[in-house]
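Reader: I have a protein model to look at and would like to go through it step by step. Please show it to me before we start.

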Amino acid sequence: MAETSLKKQIMSGMVWKFAERFIAQGVSFVVSLVLARILMPSDYGIIAIINVFITIADVLLTSGLNTALIQKQDVDELDFSTIFYCNFILGMGLYAILFVAAPFLATAYKMPLLKQAIRVFAIRLPISSFQSIQTAYISRKMDFKRFFFSTIIGTLVSAVVGIVMALKGAGVWALIAQYLTNTIIDTLFLFVTVRWHPRLMFSWKRAKPLIAYGSKVMMTDLIGTIFNNLGDFIVGLRYTTADLAYYTKGKQLPMLLKTNISTALISVLFPGMSQVNDENEKVKLLSRQSVRMLSYIIFPLMAGMMVVARPLTIVLYTSKWIAMVPFVWVVCLEAVISVPGTVALQCVKAVGRSDMMLYSEFIKKPIFLISIFVALHFGIMAVALTLPVNALIELVINSYMTKKTIRYHIGEILADAFPAFALSALMGAAVYGISLLSWHNLVLELFVQVIAGGICYIVLSWISHNPEFGMILRVIKSRKASQ
């Protein structure tokens, strides 16, 4: 009964998280299209530079101590309040560091505007420190419906703020206002609707084991985030802000889909795994199902995007962004390779082996660092190509850790991902064939390719009796029956 209840919680959580990600990111994507037509690539270049530092600081607040609260089997009010105060102090400290560093960063990048922009944008860090504990509380309860409403409201309000400011000529400040508004609205909504609020209690005895686990997860994610953003950092220093905008915008399209879909699944999967983290067979079963489902959803999206990248870019962003197309191809490839490795890492985290995760970073990241510096001698595209290469290396290393912890071998991981890969390759070939026809209207070409790709993938899934396709159909039928 407990196992059935857990499965129901996971499926319900996935439905709400996918709905949240789909609607929120759909709205954000539409807003980004509007802003891309109003603003210049150089404006996005400035935001890309700021985001490198904000994202790194944000990792310290959202992926360490709150993760420890989710992973711990028995957690109470004292644990939550203790970690809240630890996280809030950390958030204020990070803001102070960025406030002091802002003038030096503005000088390094030769952009005076960065000084004030960083100081204003970084206000989101103390707010995020509170929100991350709210997120941990909801995740433990697996009450993902609350995320849905807070995210939708925050996204809609911030969208209006961003567009209005952009139309009034605010430039880069329109983007900063959009991000800040979203964070503030999300946090306020959760503060009103979530039962948990911090209390005046603290225990260093409780804090130590949570910090011991959380700090290793934090350092692992911090190292990963620093190196994942290293390309943006180097491109921003070595090339123009327009080059950086093409590089980051090219990553945005595929990462928008890949990150949000995988985040939706993993944010539900990790709490589910943590509830059975003393039963390796159950963790392995959940992991295999996750690799198959995530691959089934993400692989065709990436294959399709690689084929339609050029018309998609022109239709959505206009021809002034055409230079981003090669980067779209590269990041789509990276996304496909990284899917199994991402799930594998969650397995290791869920069974409490944060030490193993941290040690693995000391193998992965030096390799990544060497590849970046070698690539610098061959241009910006070579820097981009380090992404899929290092995703492959991470897959090998992560699968070694799953073999040691839950006996999930790389052969099994690849076998679980292969059916989706084969279906996606066939679908991509069919869509590419359509592009070889003579088209005089890019919008019509794109529409036909997308519709044909979707139909082709569904038909192939039905013919091959794909189990993930069957599972999705059953979920849809059960949702309809319950209405």
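What follows is a set of questions and answers about this predicted model.

Reader: How many helices and how many strands are in the protein chain?
Author: The protein chain has 483 residues. Its secondary structure holds no strands, and the number of helices is 18.

Reader: What percentage of the residues in the protein chain is buried?
Author: A residue counts as buried when its relative accessible area is under 20%. By that cut-off, the buried share of the 483 residues is 54%.

Reader: How much of the accessible surface of the protein chain belongs to carbon and sulfur atoms?
Author: The accessible surface of the chain adds up to about 21500 Å². The share of this surface that belongs to carbon and sulfur atoms is 70%.

Reader: Which helix gives the most residues to the largest nonpolar core?
Author: In soluble globular proteins, nonpolar side chains tend to be buried together. Here the largest nonpolar core has 113 residues, and those touching the most other members include Ile50, Leu98, Trp196 and Tyr247. With 14 residues, the helix that gives the most to this core is α12, residues 280-317.

Reader: How many residues are in the second, separate core?
Author: Beside the core of 113 residues, there is a second one that is separate from it. Among its members are Val348, Met356, Met357 and Met401, and its residue count is 5.

Reader: At what angle do helix α15 and helix α16 pack?
Author: Helix α15 covers residues 380-406 and helix α16 covers residues 410-435. Their axes lie 9 Å apart, and the angle is about 115 degrees.

Reader: How many nonpolar, polar and charged residues are in the contact of α15 with α16?
Author: From α15 come Leu395, Val396, Ser399 and Thr402, which meet Ile410, Ile413 and Leu414 of α16. Ser and Thr count as polar, while Leu, Val and Ile count as nonpolar. The contact therefore divides into 5 nonpolar, 2 polar and no charged residues.

Reader: How far apart in sequence are the parts tied together by Asp416 and Arg288?
Author: Side chains of opposite charge can pair when their charged atoms come close. The side chains of Asp416 and Arg288 form a salt bridge, with 2.9 Å from N to O. Because Asp416 is in helix α16 and Arg288 in helix α12, the pair ties together parts whose separation in sequence is 128 residues.

Reader: Is Asp416 buried or exposed?
Author: The cut-off for buried is a relative accessible area under 20%. Asp416 has a value of 6%, whereas Arg288, at 24%, is partly exposed. Asp416 is therefore buried.

Reader: Which residue forms a salt bridge with Arg292 from helix α18?
Author: Arg292 lies in helix α12 and is 176 residues away from its partner in α18, residues 467-482. The N to O distance is 3.6 Å. The partner is buried, with a relative accessible area of 7%, and its name is Glu468.

Reader: Which residues are linked in a network of salt bridges?
Author: The whole structure has 6 salt bridges. Another of them joins the side chains of Asp416 and Arg292, at 3.1 Å from N to O. The residues linked in the network are Arg288, Arg292, Glu412, Asp416 and Glu468.

Reader: Beyond four places in sequence, which residues is Leu180 in contact with?
Author: Leu180 is in helix α8, residues 172-193, and is buried at 11% relative accessible area. From Ile123 it is 57 residues away in sequence, yet the C-alpha to C-alpha distance is 7.8 Å. Its contacts beyond those neighbours are Val120, Phe121, Ile123 and Arg124.

Reader: What is the phi of His465?
Author: Most residues other than glycine have a negative phi. His465 lies in the loop between α17 and α18 and counts as exposed, at 68% relative accessibility. Although His465 is not a glycine, its phi is positive, at about 55 degrees.

Reader: How far apart in space are Ala430 and Gly453?
Author: Ala430 is part of helix α16 and is partly exposed, at 35% relative accessibility. Ala430 and Gly453 are separated by 23 residues in sequence. From C-alpha to C-alpha, their distance in space is 7.3 Å.

Key: Residues numbered from 1 in each chain as written. Predicted model: local features only at pLDDT ≥ 70, side-chain atom pairs only at ≥ 80, totals over all residues. Heavy atoms only, no water. Axes fitted to C-alpha atoms, helices over the stretch in contact; angles between N-to-C directions. Helix = DSSP H or I, 4+ residues; strand = E, 2+ residues; numbered from the N terminus. Contact = heavy atoms within 4.5 Å. Core = buried A, V, L, I, M, F, W, Y, C linked by side-chain atoms within 4.5 Å. Buried < 20%, exposed > 50% of the residue type's maximum accessible area, 1.4 Å probe, protein only. Areas by Shrake-Rupley, 256 points an atom, 1.4 Å probe, with all protein chains shown as cover. Salt bridge = Lys/Arg side-chain N within 4 Å of Asp/Glu carboxyl O.
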